[in-house]
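Me: Please take a close look at one part of this model. Pick a helix and its surroundings, and walk me through how the pieces fit together.

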Amino acid sequence: MKKIALLIPMFSTEYSVLLIRGIAEYFNDKDFQLIITKTELPHTTKGLYDYQYWNSAEIIRCKEIDAYIVCSSLYVSMTSQDELESFLKTLGPRPIISIGVTLSLPNSYTVLNDSSSVYMEIVSHLKNVHGCKNIAFMSANSTKSEEALDRFESFKKALIKNDLFYNEDLVFDGNFTSSSAQEALAKKLIKRDDVKFDAIVAANDLMAVGCIEYLKTLNLKVPDDVIVTGFDNSDVAILARPKLTTIEQNIGKLGHTAASVAAKVLLNKKVARKNVSSLKSIFRQSCGCVDRNILEPYYFDYEGNRIEEEFSRINYLSNYQNDLDEKNNIITLMDMLKSANTLRQLYYNISYITAQQEFSELTINFFEEPVYLEKDDVFNMPSDMELSMFTTDDKDHKIFRPGVFFDPHKIINSASKFTNCQGVYILYPIFSAENMYGFLMAKLKNNKYSTYNVYLKILVTAISQAYAYTKTLSLNSELENVKSALQKNNDTLLIKNRTDELTGILNRRGFIEEAQHQLDILQENGKPGVIFFGDLDGLKEINDTYGHKMGDKALKLEAKALKKVFRSSDVVGRLSGDEFGIVAVGVNIENIDVLKNKVMEINKKVTESEKLPFNLSISLGGVDLQSSSIISKLLSLADKKLYEEKRKKKAEK
């Protein structure tokens, strides 16, 4: 059975949902496995820990995957095409079907919309039916996406072929969002008289709605004073007031075409490198073809035929009821997970959980040890994983820790010995804060992809908490008086994972965890404190001049010096290389020079007592612990202070 991975940055937009739906519907009755992966972007700052979603992109590089479908247009709207292609090259020579962007990769196939003919229809209609002479364009050229640039060029060509003048002053630049369109208009149009156009064509529906909203602030009516058209024929187009004249690109069909190309390539059938999907124009109220006061759901096509809207698109009462049902399901799910404190307790509930979430199969896999990742870290996936739990409604069984161990670089579906069925799956990373525990795969029963995203986020949070609690209980059974041992951080297993081997002080992971804990207590009690970011002076010169053994000795001596200056209640750690972090509890920011001088004096004594051929020295940048509630943010602020300290030292030499 062939396995195809779908890479998409998000499930939360209508475009994403319709695209996934079109792809999934193609594979539903075929002998393929479709594995959907939400990745976000590498090192994203969108959410505090959203960067963890990019780990899915690493998991999906598994050798079991036969081909990839990539929603390239969404990626390049947020990052550059070069960066996207750089990542896709790491997937190897396997076929890549790119949606919306033509890639330069030799193993890629492209699925695109042809907007040239449909823009010709829109511009011709505005000129010949509504008498428009000055037509503006709301572009998304700033995104540099192939789709945005293609729509812009198609619009310009349509103007020329209709003997209309192209005016650069009538081009506004947004980024596919309603707010960006309003901001773009606001830069050039201050008052009503500044509007020198009788129609504006927007590169998508959201920007068209933004144009309508901004024109209202200038007391201009749509379509009486200015005609507005969009692109997509999304639900936004129907819900807009007035209803949007737009272009139906049939996103689901685009996805269907991409899926078809992937299947044909894997079945060694002849496929064109570039595949084009046709579009059609739809004329509603925002151009005046349908009266604003008419409530009946219909539109006109380019030939002037009246077309009734699909009932499913306007059945708002049904959508409202479905929304209520989903919210109730989420509440039920959260209640169900409250009782699952350990992994085994979670396992007892797993059949009910999968039924609640409408999964027909669920596989939960863990790394041998959690992987600690900060935002800028690169995820190096371990080679050892264990299948922890599996359940399916196709067979009357569920499994807890069946003793299945596997290499995720080679196998994507660890439960293939129990079932290896065709169908649509979601792959989702299991993480909590900086800790990445593994991943799950869920086989889907329906196409509610944005809802699944919410369900899975709740589920992986519960899994992460159960994993951490189970590990704690396991340690309890192995160590005497573990309560006090944990409180004093004397647990040898924890120490091993949190201690820097060279210096014997906390490593970066241990420092971040302990420092965050101290920060939480300090801020809760309103106590003062300072965080230092330190950099050992001249380590490179020491290594180059006296060798790395002497450099290691310098690091060990500095760690010892810092432990001597700071108290046992303070947190001292080696962050990386020559960098150290210190949290000094109860110290006012005004007194940091006192601590710096103490460190300097200790270093002088160590230099003399050890008869070092160099001066042991460290630069320290400090900030108030009340400056942020997040340790990583405080370290960044302290690093800036460290830079100032280093610059000052250089100036004094």
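Reply: Asp163 has a positive phi of about 55°, just after helix H6. This is a predicted model, and H6 is the part to follow here.

H6 covers residues 146–161. Check its length. The helix has 16 residues, and at 1.5 Å a residue they should span 22 Å; the end C-alpha atoms are 22 Å apart, so the two values agree.

Next, the buried side of the story. Glu147, Ala148, Arg151, Phe152 and Ser154 are buried in H6. So are Phe155, Lys156, Ala158 and Leu159. The list therefore includes Glu147, Arg151 and Lys156, which count as charged. It also includes Phe152, Phe155 and Leu159, which count as nonpolar.

What do the buried residues of H6 pack against? Three helices are among the partners: H1 (14–27), H3 (72–76) and H5 (116–128). The strands S6, S7 and S8 are partners too.

Those strands belong to an open sheet. Four strands make it up, in the order S7-S6-S8-S9, and the pairing is parallel. The edges are S7 (171–173) and S9 (227–229), each of which pairs on one side only. From one strand to the next, the twist averages 15°.

Now the S6 and S7 pair. S6 spans residues 135–139, runs parallel to S7 and is joined to S7 by three bridges. One pairing to look at is that of Phe137, whose bridge partner in S7 is Val171.

Back to the helix. H6 lies across S6, S7 and S8 (199–202). Its direction is at about 170° to S6. Helix H7 (residues 178–188) also packs on this sheet, where H7 touches S6, S7 and S8. The direction of H7 makes about 130° with that of S7.

For contrast, look further along the chain. A second open sheet has four strands in the order S22-S23-S21-S24, with antiparallel pairing. S22 (571–576) and S24 (618–624) stand at its edges; each has a single partner strand, so one side of each has no neighbour in the sheet. Here the twist averages 20° from one strand to the next. Seven bridges join S21 (residues 529–536) to S24. Within that pair, Gly534 has Leu620 of S24 as its bridge partner. Helix H21 (residues 631–652) lies across S21, S22 and S24, at about 135° to S24.

Note on methods: Residues are numbered from 1 along each chain as its sequence is written. This is a predicted model: local features need pLDDT of at least 70, side-chain atom pairs count only at pLDDT 80 or more; totals for chains, interfaces and linings use all residues. Side-chain values use heavy atoms; hydrogens and water are left out. Two strands pair if DSSP finds at least two bridges between them. Helices (H or I, at least four residues) and strands (E, at least two) are DSSP runs, numbered from the N terminus. Axes are lines fitted to C-alpha atoms, for helices over the stretch in contact, and angles run from 0 to 180 degrees between N-to-C directions. Contact means heavy atoms within 4.5 Å. The expected span of a helix is 1.5 Å times one less than its number of residues. Buried means under 20% relative accessible area, exposed over 50%, partly exposed in between (1.4 Å probe, protein chains only).
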